[in-house]
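Q: Please take one part of this structure and look at it closely, then describe its surroundings, working outwards to the chains as wholes. A plain account will do.

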Amino acid sequence: MIGQRALRVGVQPRTTRQRENLEFYLFISPWLIGFLLFVAGPMLATLALSFSSWDLLTPPKFVGLQNFVHLLSGDPLFWQALKVSTLYSGIGIPLHIALAFCIALLLNQKLKAVAVIRTLYYMPSVISGVAVAVLWLWIFNPDFGPINLALRLVHVQGPLWLASEFWALPALIIVSLWGVGSAMIIFLAGLQGIPTTLYEAAAIDGAGAWQRFWSVTVPMISPVLFFNLVLGVINSFQAFTNAYVMTSGGPNDATLMYVLYLYQNAFQFFKMGYASALAWVLLLIILLLTVLIFKSSPMWVYYEGELRGRR
Amino acid sequence: MLTVGRRASSYQAARMSWLRRASVQRGTSLVIAYLILAAGIILILIPLLWMISTSLKDIGSVFLFPPQIIPDPALWKNYADGWNAQPFGLFLRNTLVITFSSMVGQTFSCALVAFGFARLRGTGSNVLFMLLLSTIMLPIYVTLIPTFILYKYLGWLDTFLPLIVPSFFGGGPFFIFLMRQFFMTIPLELDDAARVDGATTFDIFLKICLPLAAPALAAVAIFAFLGSWNDFLQPLIYLQRTDHFTLAIGLNLFRAESTAVTPWNQLMAVSLLVMIPPLLVFFFAQRYFIQGIVISGIKG
Amino acid sequence: MPGVLISRRRVLTGFGAAALALGLASCGGASATTAPTSSSAQAATSATAPSSAAATTAASTTSSAAAAAPAPAAPAGGSAQLVFFTWGSAERFKIWGDQVVGGFNKGHPGIVATLLEGPSDYEPKLLTMAAGGTAPDVFRLSEYWAVDIFAKNFCLQLDPYLARDKFKIEDHTSPPYTQCQYQGKWYAVPHGAAGNFVVWYNRDLFTKAQVAFPTDDWTWNDFLTTAKALTKSDAGKPVQWGTSMEMVNYGVPYSYIWSNGGDELTPDGKSYLLDQQPAMQALQLLADLTTKEHVAPTAAEIPQGLGDIFLSGKVAMHYSGAWYEATAHQAKFDFGLVLNPKMNASSERVAFAEQNATAAYRQGKHLDAAWQLLQYLISPENQKVESSTGLNGPSDPAILNSPDFLNVNGAPYSRKAIVPGLLAKTRGATLIPGYAQIQTAYSQKLATVWTGATTLQNAVPQVVAVAKQVIAQDQQSG
């Protein structure tokens, strides 16, 4: 209807290409308008702020590239924060995706009470805020938390977890794995979309379970896998809350995640300009990684309905 | 993909034998699946059980170590006390209004936009898509204040508008990206067939792609609901008066100045109560996660 | 790390709750008796209080004479609207709203003040409102953050008003005023968390172990001996510690460093002496409590953010602020309090105190009304309300030095050690803009020293480097 109405209104595109163009823009117009109204302005403002020094209480002062120079050459905490976030993401994302995928596979079957089980697995993602942080402080408590208690049962001396420079970041990764429910749901939705006829056909062609997995499931799920990977990168590099509440970036900056450092600069050190510079550097890093993933996608992502070289 | 060139009878026979073999395999794999899932459930439930246990304790024994697993006596009144400690009924109402509105807005608008990106050619669509994604690559803590100032000039501070209106404009890159991926898994032959039958682009969107992407839409609805339900930062910054607060803010207000005087038992109790609606939404949305969509009416 | 969960704001509930009797008893008589007793109390406090108190009184008289902007006259007609912003919890907000703000409104007909409830993430919200131009008229500030805001000229400078109304903040409150002043000028009134940090001790554990109670003139050796006598293990595992010394909490090392003749940031704000011998020695003694002497639980053994180790009865002594009395009252055992021990024979004992502050927005629409609210908050009337409801303890020297307050009926302890300047010099930490960075570096770098993973010699220089940068920046911007 949209396309037809546009035609009637008097916009007379001369070619199919132009009509397609118009339709495209019509469909994405809600986002485009919203972007121009609510997002573009603030984003550009932060870009401008990254070239200034602003304490939030007095007007910003233009300082040119000073923030970026300091970031690259005079700030060891920047590199520490980058290192922490890179480690966290590099280890956390593959684990997270693999775990979510496996659980989704298991829950894709017609098990009894599957709806209940899925809800249970999703539950951790639903608890928010303060309660979660306290829970995990208890779980990781070296003296009486369940993890170290369990380790003691098998005669292993548990580490200090959140009080240990080495173990604090792994502890935060474990906390993030507790929330695989979200990624799991997305995988589930993707698995639901794979027609069973495909499996049947493959089986008839003589494919075993393992082969069916690799030649049917994986390709068909690849768009969702791609999604989880890209989102994983975008979100993981911006992880903040758990480090903020549970470790404050410690001990000795071992869990100083990038956005936590940014937050400190913005709201505790009165350096909003510097924080904006940090933000844009992060955006560039994430964007670069995302573009790389996109560029690699033709090699491993399969879309049934992709507009590739058609029409 | 489709059984082109097979003759009906041999296909049927092969199918039956496969199904027979598969049912035995399915038996053992089911048991294994149950075992693994059970182990996972235990791991997931431990923190939750501690939440429940804490919620039933007397404030003095919340942090005794070694901790009591089953509190004795079990103070169910903590739930009522916690709920009444603040105007949670009002917070609930506010949160429901905000969450439902933004869930509806997000689900509908993201599908439209995602269809555009997935199915339609437009100049600069790749660049625009990257722009879309880049908007979630900038940490919210730097865009917070410029956005706050924007809403101040619009006169929307201390209202629900900043929390609802943007949802109707695409509802967020996360959802658009998700729906785009799902739309791209739908075969283009369906579109072609529909066009031959005289469908417009919008018809294709509404009558073909949307129904086929139902599981994804269900997922979006679940996430949109939860995201808005648990959102703490944005309501915190945009809302001023206490009677506009949401549940997430209310929970945070349990945190008094020092940990020793925070009523953890009540906080856990109300946190558990607040968890129920999103879980219900999830539970009921699951019926859309239907197994094996059969694509009918396609000729090989 | 617990730094954030154990929030930086101080609660004076028990302090106030225990002063309930006092408040009710001296209802009518307080204002009449304040005049003579306050001057003697002030003489006592200023004699023993450090140079800061004397300096500030001197400075404020000179600066008020040279005040740049004269205080505006009170507004004529109409009602001024004020927004009062504070952190708190659900219960406390009720008291703030009904009794404090309500009490103010009743007594000030031309002004309508409303309470704005602040979240535990207080500073981001305050800063966002400030940056967005919707700053509250009157707001509370905590810890080392206040001076940054003063330096940026965000708060109303109070000296003109003090001169105009002939009002002296020191008459109604106790030092230190480190969070209320910047460069000798007043920018805030002290409000909340008054009183020294003291050692809280579990009398039952002392009695059981037949160890003598600590006295206010005790030394570090006495302290260490007592702690050792009260540390018990069972099959190699410690079940009770003599003391807890939560080095990760803000405020802990100061009194020990100062009492040893050392310093961290000097009062003139120009040098940072944490790496000098007296300070290093004090820090080492504190660190040894966990790593060498094993009389205190390590950070890992303290259930960070998960409850209170003193309440659980596992430590016999606990160093914390005056506001801790509220928590101590929840204990099932008798407790007492005493000053921090004297470090060595030649140096003077110094106690650490920090007071929160409440300030007004310089560009608010009703400055005079805001000033009246500030005055009201530290008035004897409001101090009584706040202490009787457990919101904040009193800061008024007259109240603090009165027998009613000092000797609590039936309690086996006196509150003398809490009163600033009474038994020993009281000092607040020197604050300069950017102090937050020094404090962050301190807590991060030294966290691993307290667990024994590294030494002070490795960690402290890194903190000093950050401090030097912050000082340099401050000196530059003047």
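A: Chain C contains 20 helices and 14 strands, as given by a predicted model. The chain has 478 residues, and buried residues make up 58% of them. Among its contacts between residues at least 6 apart in sequence, 78% join residues at least 24 apart. The part taken here for the close look is helix H6 of chain C, residues 122-131.

Nine of the ten residues of H6(C) are buried, so this helix is largely enclosed by the rest of the structure. The buried residues, in order, are C:Tyr122, C:Pro124, C:Lys125, C:Leu126, C:Leu127, C:Thr128, C:Met129, C:Ala130 and C:Ala131. C:Lys125 is counted as buried along with C:Leu126 and C:Leu127, and by class a Lys is charged whereas a Leu is nonpolar. After the helix comes C:Gly133, which has a positive phi, near 80 degrees.

What covers the helix comes from three chains. Chain C itself supplies strand S1 (80-86) and strand S3 (138-141) to the cover of the buried residues. From chain B, helix H5 (140-154) and helix H11 (233-238) take part. From chain A, the cover includes H13.

H13 of chain A, residues 258-267, also appears where chains A and C touch. There, 27 residues of chain A are in contact with 29 residues of chain C. On the chain A side, the elements that give two or more residues are helix H6 (130-139), helix H12 (241-247) and helix H13 (258-267) of chain A. That side has 14 nonpolar, nine polar and four charged residues by class.

Chain A also touches chain B. Here 95 residues of chain B are in contact with 90 residues of chain A. On the side of chain B that touches chain A, helix H1 (residues 8-55) of chain B gives the most, with 17 residues. By class that side has 69 nonpolar, 23 polar and three charged residues.

A pair of helices shows how chains A and B pack against one another. Helix H9 (residues 181-192) of chain A packs with helix H10 (residues 214-230) of chain B at an angle of about 165 degrees, the axes being 8 Å apart. An angle over 145 degrees counts as roughly antiparallel, which means that H9(A) is roughly antiparallel to H10(B). The crossing is right-handed. H9(A) brings A:Ser182, A:Ile185, A:Ile186, A:Ala189 and A:Gln192 to the contact, and H10(B) brings B:Pro215, B:Ala216, B:Ala219, B:Ile222 and B:Phe223. By class, eight of these are nonpolar, two are polar and none is charged.

H9(A) spans residues 181-192, and A:Phe187 is among the residues with the most contacts inside the largest nonpolar core. That core has 323 residues, and B:Leu178, B:Met179 and C:Leu373 are also named for the most contacts inside it. Its largest share, twelve residues, comes from helix H3 (residues 88-119) of chain B. Leaving aside neighbours within four places in sequence, A:Phe187 is in contact with A:Ala100, A:Phe101, A:Ala104, A:Ile221 and A:Val224.

Chain A as a whole has 14 helices and two strands. Its C-alpha trace spans about 60 × 60 × 30 Å along the principal axes. Of its 311 residues, 49% count as buried. Of its contacts with a separation of 6 or more, 64% are between residues 24 or more positions apart.

Chain B, which supplies H5 and H11 to the cover of H6(C), has 13 helices and zero strands. Of its 300 residues, 45% count as buried. Residues 24 or more positions apart account for 77% of its contacts with a separation of 6 or more.

Inside chain B, helix H8 (residues 188-196) and helix H9 (residues 201-212) cross at roughly 125 degrees, and their axes come within 10 Å. That makes H8(B) oblique to H9(B). The crossing is right-handed. B:Leu190, B:Asp191 and B:Ala194 in H8(B) meet B:Asp203, B:Ile204 and B:Ile208 in H9(B). This contact has four nonpolar, no polar and two charged residues.

Note on methods:
Residues are numbered from 1 along each chain as its sequence is written. Chains are lettered from A and ligands numbered from 1 in the order in which they are written. This is a predicted model: local features need pLDDT of at least 70, side-chain atom pairs count only at pLDDT 80 or more; totals for chains, interfaces and linings use all residues. Axes are lines fitted to C-alpha atoms, for helices over the stretch in contact, and angles run from 0 to 180 degrees between N-to-C directions. Helices (H or I, at least four residues) and strands (E, at least two) are DSSP runs, numbered from the N terminus. Angles under 35 degrees count as roughly parallel, over 145 as roughly antiparallel, 65 to 115 as roughly perpendicular and the rest as oblique. A crossing is left-handed if the near helix is turned anticlockwise from the far one by less than a right angle, and right-handed if clockwise. Two residues are in contact if their C-beta atoms, placed from the backbone, lie within 7 Å. A residue is buried if 20 or more other C-beta atoms lie within 10 Å of its own, exposed if 12 or fewer, and partly exposed in between; C-beta atoms are placed from the backbone. A nonpolar core is a set of buried Ala, Val, Leu, Ile, Met, Phe, Trp, Tyr and Cys residues joined through C-beta atoms within 7 Å.
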